[in-house]
There are 2 protein chains.
Amino acid sequence: MDAGMKIKAAAIDLFARDGYAATSIRDLARAVNMTNAGIYHHVTSKEALLADLMRVGQLGLIDATDRLLAHRPAPADRLAVLIGSLTAIHALNPMTTRVMDGELRSLTPGSSARDEIIALRDRYEDRWRTTLAEGADQGDFRIPDQRLTRLALMAMCTGTSEWYRPDGDASLERVCAEFVAIGLASVRSRVQVSMRLDLSLLPDYPWEPHVDPRVDPAGRHPIR
Amino acid sequence: MDAGMKIKAAAIDLFARDGYAATSIRDLARAVNMTNAGIYHHVTSKEALLADLMRVGQLGLIDATDRLLAHRPAPADRLAVLIGSLTAIHALNPMTTRVMDGELRSLTPGSSARDEIIALRDRYEDRWRTTLAEGADQGDFRIPDQRLTRLALMAMCTGTSEWYRPDGDASLERVCAEFVAIGLASVRSRVQVSMRLDLSLLPDYPWEPHVDPRVDPAGRHPIR
DNA sequence: ACGCTACGACCGAACGTTCGGTAGGGCGAA
DNA sequence: TTCGCCCTACCGAACGTTCGGTCGTAGCGT
């Protein structure tokens with residue numbers, strides 16, 4: 001693996017566990033066997049590194065979502081895809097998604113990088129907004145408050161990155177199916193949906209550590 | 001208000017917005033019109049201040065939950081109370097709950113303070129564990145995976161602190177009722193429940209800023 | 001009413017350490 | 001010889017924390 005990617009992999013790991021502010025360039029350097037100065041050959045600044053990770057992360061999420069939504073006109077179908085894919089992405093990429101979801105505040109307010117990431121986040125959430133609105137307009141959903149429903153369902157999906165374990169008692173397919181059922185119930189969907197999620201269409205974050213998060217040789221692991 | 005409480009109020013505000021690691025003692029001092037040295041007359045250390053806030057927060061959550069659960073033997077009733085109260089507490093105390101939910105990693109690993117907070121968190125979650133288990137044992141619930149269900153429902157409730165606004169389009173009562181319905185549906189409860197939540201039994205965090213979080217005179221506000 | 005003492009509250013200045021970032025050089029491969 | 005890569009050495013600033021000292025005020029014996 002080239003050095004730039006090794007740095008990104010270590011950065012995602014440290015940012016997700018300890019937080020961006022609590023991670024120093026020297027911590028990052030130690031994790032990839034370099035000195036702090038060596039890092040700056042591959043990275044323009046600490047904040048640019050974070051912004052890069054978040055930008056690629058959001059773009060991957062948007063692209064994958066659009067691929068999965070293609071040729072699915074029915075709102076119930078679309079909502080099922082949104083719930084299932086967001087859940088699966090958070091389950092399979094817990095480190096990347098924790099940084100994406102939780103470190104927006106670490107980008108300096110007013111900077112172009114922050115504005116860009118916020119715009120990407122809003123672009124993604126538009127898929128949810130329009131899907132819920134179309135489902136309500138066409139009479140497929142009955143939703144008292146669309147904002148409430150959207151944020152509650154998204155919180156349920158994104159929370160997955162905090163507790164899902166690949167060798168836990170529930171398979172990813174069952175988690176996604178369960179969440180889709182909950183989501184369709186909470187919008188009082190007339191239609192029922194059986195979802196087949198093509199995992200190969202999900203984004204691939206090359207820096208995401210594909211190991212059991214519970215087994216951490218350094219003894220540093222997420223709380224739960 | 002006495003100085004110690006003013007410091008705690010400013011600390012909750014800053015920790016919730018910027019994160020513990022990104023908040024300096026000097027930031028905190030500026031917020032209460034003191035010098036950094038003056039803070040240490042009221043506080044033994046930055047980390048002890050965080051631990052104090054989290055301990056009182058967790059104790060208040062546990063006490064309020066036990067008060068609300070008293071004399072409610074039926075699992076469906078108990079689950080409704082757990083969902084409604086956790087949601088309401090997060091909606092009404094967004095700053096305190098964000099710190100409680102998100103800053104555990106800022107307590108140094110192995111310290112007695114961290115172990116204490118983790119024990120309190122586990123004590124609270126036991127109310128959920130036993131409720132789901134009893135509901136399943138008595139045949140009131142049908143739950144394929146209790147851990148999954150518990151963590152998903154708790155994520156939905158705690159997520160409320162990230163988006164709820166007191167003057168939004170949905171009243172707190174409706175949010176809670178909606179979440180209770182979702183929760184009962186996701187455990188396939190045989191019984192239906194109409195919940196009346198006594199808000200006066202919820203914990204009172206004296207440092208929680210009781211202002212509209214969207215209107216921030218300093219221009220610094222949560223992302224959403 | 002007075003002076004003396006005690007104490008809580010707070011400040012200015014400094015401690016040692018760590019922060020993000022930079023300058024310049026060494027070294028191996030092409 | 002050049003270039004990519006990474007090093008040692010270092011910078012100014014900010015960090016959490018401590019220390020000595022200064023206020024204002026409450027209590028109290030006289």
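UniProt annotations, which are given here in the numbering of the model, may be inferred rather than shown by experiment. With that reservation, an unreviewed UniProt entry assigns the feature "domain: HTH tetR-type" to residues 1-61 of chain A. In the structure, which is a predicted model, this span is 70% helix and 0% strand, and its end C-alpha atoms are separated by 24 Å. The record, again an unreviewed entry, also places a "DNA-binding region" at residues 24-43 of chain A. For residues 24-43 of chain A the helix content is 55% and the strand content 0%, with 14 Å between the end C-alpha atoms.

The surroundings of DNA strand D were examined next. Around this strand lie 15 residues, of which Ala37(A), Gly38(A), Ser24(B), Ala37(B) and Lys46(B) come nearest. Two or more residues of this surface are contributed by helix 3 (36-39) of chain A and, from chain B, by helix 2 (25-31), helix 3 (36-39) and helix 4 (46-69). In composition, the surface near DNA strand D comprises six nonpolar, six polar and three charged residues.

The arrangement of the two protein chains was then considered. In general, two copies of a chain are related by a rotation about an axis and a shift along it. Here, a turn of 180° with a shift of 0.0 Å along the axis lays chain A on chain B with an RMSD of 0.0 Å; this is the relation of a two-fold axis. Within chain A, the C-alpha nearest the axis belongs to Met156(A), at 2.4 Å. Because 100% of the interface residues of chain A are also interface residues in chain B, the copies meet through the same surface.

Terms used. Residues numbered from 1 in each chain as written. Chains lettered and ligands numbered in written order. Predicted model: local features only at pLDDT ≥ 70, side-chain atom pairs only at ≥ 80, totals over all residues. Near = placed C-beta within 6 Å. Helix = DSSP H or I, 4+ residues; strand = E, 2+ residues; numbered from the N terminus. Nonpolar A, V, L, I, M, F, W, Y, C, P; charged D, E, K, R; others polar. Least-squares fit on C-alpha atoms with pLDDT ≥ 70 in both. Contact = placed C-beta atoms within 7 Å.
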